[in-house]
Amino acid sequence: MLDLAVTELDANAALRRRLGERVKCVIVDEYQDVNPIQERLIRHLHDMGAGLCVVGDDDQTIYQWRGSAVDNIVTFAKRYPDVRQIRLQENFRSSQGVVDTARAFVEKIDDRLAKAMVAGSGQAYQVGDIVALSFESPSEEARYIANTLRSLHGVRFKDRGESRGLAWSDMAVLLRSVRNNGPIIAEALAEAGIPFVVSGIANLFEAPEAEAARLLFHYISGQPIGRGETRREPPTKAAVRKAWRASNLGTRPPNLTAAVKFADHIRERVGEENAEIPSIQAVFLKFLELIRLREEEVADSRGESALFNLGRFSEVITDWETIHFADHTWSSFEGFAAFLYYDGGDTYSEGAQNTAYMTPDAVQIATVHQAKGREWPVVFLPALLRNRFPSPARSSGIWQLLPRKAFGNPDRYDGSEDDERRLFYVGITRSMKFLHMTWAPVSHNQLYRRKSIFWDEIIESKYVKRRKQDYSKRSRTSPSPRASVADVEFSFSDLKYMFECPYQFKLRVLYGFNAPIQRPIGYGKSLHDALAEVHYRAMEGEPIGVAAVPDLVARHLRTPYAFGTLKETLKNAAERDIRNYIEANADRFDDIEFWEQNVEVNLGDGVRIKGRIDLVRRTDTQEVTIVDLKSNEGSQEEQVTEHQLHTYALGYEELTGRDADYVEIYELREGRGKPRPVDEDFMEDVRKRTRKAAKALRSLRLKPTPSKPKCGKCDLSSLCAKSKA
């Protein structure tokens with residue numbers, strides 16, 4: 001897509017002129033990570049007359065395997081005229097010990113921009129904060145990590161000028177490869193009763209509850225997976241029960257019995273040709289309902305981390321069903337089970353980030369790549385082994401598909417020792433205060449029996465202690481997690497869920513639970529896309545008549561889960577609704593001011609609302625009406641809709657500096673609008689409720705607000721004790 005855009009800019013002078021008139025300034029964050037195509041785009045915009053500001057750090061170029069080239073930032077001053085360079089050299093995150101140790105390490109790279117990081121006054125160094133140790137075996141190393149995590153839990157810590165006790169979410173274990181070195185650490189944390197989450201989905205199944213869910217679907221499939229030496233027989237009912245008991249979710253035996261009985265029922269129906277087929281997501285949510293999963297009842301304060309992991313399993317189901325929905329047969333259960341056991345881990349990149357707002361109060365196990373841009377008071381960097389970290393340079397797998405000579409600098413995809421040094425530097429500088437670096441030989445593998453080549457450089461630092469430290473004498477207080485979100489950016493749909501019920505927001509947006517895919521999904525967006533073209537063409541002086549509606553629908557209607565008669569029904573409905581809209585509104589197309597307009601509302605204190613207004617038009621008296629197009633009626637409570645409409649009014653005010661006069665819901669099915677005057681009381685209420693929602697999100701106090709109408713429509717109500725009550 002980027003290449004097509006740049007190629008068009010190369011050839012299209014009119015496009016360059018149009019963009020040159022509109023784009024006045026280009027700001028590029030993380031500039032060290034841009035790839036050659038992105039650099040061509042940046043160069044085009046600069047050459048069209050835009051001012052250019054780039055921000056980055058060549059020492060943090062860690063995505064060379066995605067095509068980023070460190071030369072972009074290193075040679076920037078030579079390639080662009082009149083460059084003013086500003087060095088941002090004060091590290092406000094980390095202590096003097098962390099900063100000095102990291103700086104001495106990274107300065108061994110020859111070709112880098114001259115800079116010398118210095119520590120700010122935000123974090124004091126104490127002797128014993130930074131430790132480097134070796135162990136006899138990885139299991140001993142893992143036990144040390146678990147024991148040290150527990151000893152640091154509750155240690156008093158200065159955070160942004162305030163003192164609090166270290167919580168589990170203040171601690172991270174960062175690895176070059178979680179897939180290779182994470183399982184033994186996860187096992188040690190589980191045995192110690194320490195809540196943890198494994199970042200991303202590639203390593204999700206290290207969590208016991210996610211592994212229990214995987215086992216459940218292998219059991220339901222009732223089929224062996226694989227052949228020969230890789231053949232896996234279906235687990236027994238006893239194995240399924242044991243896995244869910246081991247998850248320690250607070251499940252009572254009668255509830256687990258009922259849930260396994262339900263799994264038996266689905267398993268029996270898998271082979272019936274004419275039986276109605278439920279979706280995999282529906283089966284998963286029903287199982288969780290039957291075991292009576294409740295966040296507040298999970299043992300060892302693991303409620304947040306357990307639901308976080310099960311929510312990501314729900315995301316995996318949605319990913320699978322999104323692709324395989326057309327093959328919705330009983331065999332899809334067998335295919336899903338096989339995917340979980342043989343492809344799931346490899347499908348998701350280890351560098352993939354979680355997309356949630358939150359981190360539960362749990363220790364993070366993550367790759368160093370996932371940790372970039374984040375910080376923790378306590379960081380462990382274990383498995384510092386030769387051939388692991390640094391990872392040996394090897395030819396990238398992409399050369400099996402693409403010729404090396406097709407690239408100007410193919411070596412950047414393979415990686416080098418300098419690339420690994422930058423990655424290790426990123427790992428060190430994630431720590432605010434406590435940093436523990438460890439290694440242990442892997443006796444059964446000759447590749448991983450020696451310490452990292454970086455090890456001797458690290459222990460040169462005067463700040464690094466080489467003996468175990470006793471933290472029992474450090475000042476302590478009650479553990480208190482840091483507010484997980486500093487800047488809060490709500491979308492319009494986020495606010496809809498938050499205003500309806502904060503706990504629903506938590507389940508959907510923070511934990512990631514998905515509802516079963518509905519077959520008509522995509523219909524509403526398709527209508528919006530088609531009407532966006534209607535409005536755009538009208539403003540360009542090329543209005544669309546009703547005769548063009550079938551072609552318009554054919555190009556825009558995307559309902560990937562609708563088949564047969566439903567697909568035909570949706571097509572006919574789309575043509576009817578758009579035809580009626582054009583006939584009813586054609587004489588008002590000249591009054592359109594904006595269509596599909598992105599807006600942002602800044603409420604101060606790092607709280608923003610971002611979204612898109614469907615349509616803004618003027619009345620015959622030149623008053624402004626904000627129109628929200630609805631493809632169906634009654635999809636949300638009237639009060640929520642009123643607040644959503646006034647959120648649009650706030651966005652219009654911030655965009656233009658002018659007040660809107662009316663907000664209107666236009667029901668496409670009915671073919672009529674429902675305008676009402678903009679009410680300043682509602683707008684002030686939106687401001688107050690959004691700030692309150694941001695405060696609740698920052699503190700993670702997202703409580704249920706149950707009512708029969710709301711809970712009856714919520715497809716995740718089975719996970720909420722208040723709803724069931």
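Trainee: How many disulfides does a search of the whole structure find?

Mentor: Zero. Keep in mind that this is a predicted model.

Trainee: What is the nearest cysteine sulfur to Cys53, then?

Mentor: That of Cys25, 6.8 Å away, and Cys53 is in no disulfide.

Trainee: And why is Cys501 not bonded to Cys720?

Mentor: Because the two sulfurs are 6.1 Å apart, which is too far for a bond. A disulfide needs the sulfur atoms within 2.5 Å. Cys720 holds the closest cysteine sulfur to that of Cys501.

Trainee: Are those cysteines buried or exposed? Take Cys501 and Cys53.

Mentor: Cys501 is buried, with a relative accessible area of 13%. Cys53 has 37% relative accessibility, so it counts as partly exposed.

Trainee: Changing topic: which residues make the nonpolar surface patch of about 300 Å²?

Mentor: Val55, Ile86 and Leu88.

Trainee: Where does Ile86 lie?

Mentor: In the loop that runs between helix 5 (76–79) and strand 3 (90–91). Ile86 counts as exposed, because its relative accessibility is 57%.

Trainee: Now Arg617. Buried or exposed?

Mentor: Buried, at 3% relative accessibility. Arg617 belongs to strand 16 (residues 607–618).

Trainee: What does the side chain of Arg617 make a polar contact with?

Mentor: The side chain of Glu664, at 3.2 Å.

Trainee: Which residues is Arg617 in contact with, leaving aside neighbours within four places in sequence?

Mentor: Glu664 is on that list too, and the others include Tyr581, Asn585, Arg588, Asp591 and Glu623. Also among them are Ile592, Val624 and Val627.

Technical notes: Residues numbered from 1 in each chain as written. Predicted model: local features only at pLDDT ≥ 70, side-chain atom pairs only at ≥ 80, totals over all residues. Heavy atoms only, no water. Buried < 20%, exposed > 50% of the residue type's maximum accessible area, 1.4 Å probe, protein only. Patch = residues over 30% accessible without salt bridge, like charges linked within 9 Å, V, L, I, M, F, W, Y side chains within 5 Å. Areas by Shrake-Rupley, 256 points an atom, 1.4 Å probe, with all protein chains shown as cover. Salt bridge = Lys/Arg side-chain N within 4 Å of Asp/Glu carboxyl O. Helix = DSSP H or I, 4+ residues; strand = E, 2+ residues; numbered from the N terminus. Polar contact = N/O pair within 3.5 Å; in protein donor to acceptor, adjacent residues only side chain to side chain. Contact = heavy atoms within 4.5 Å.
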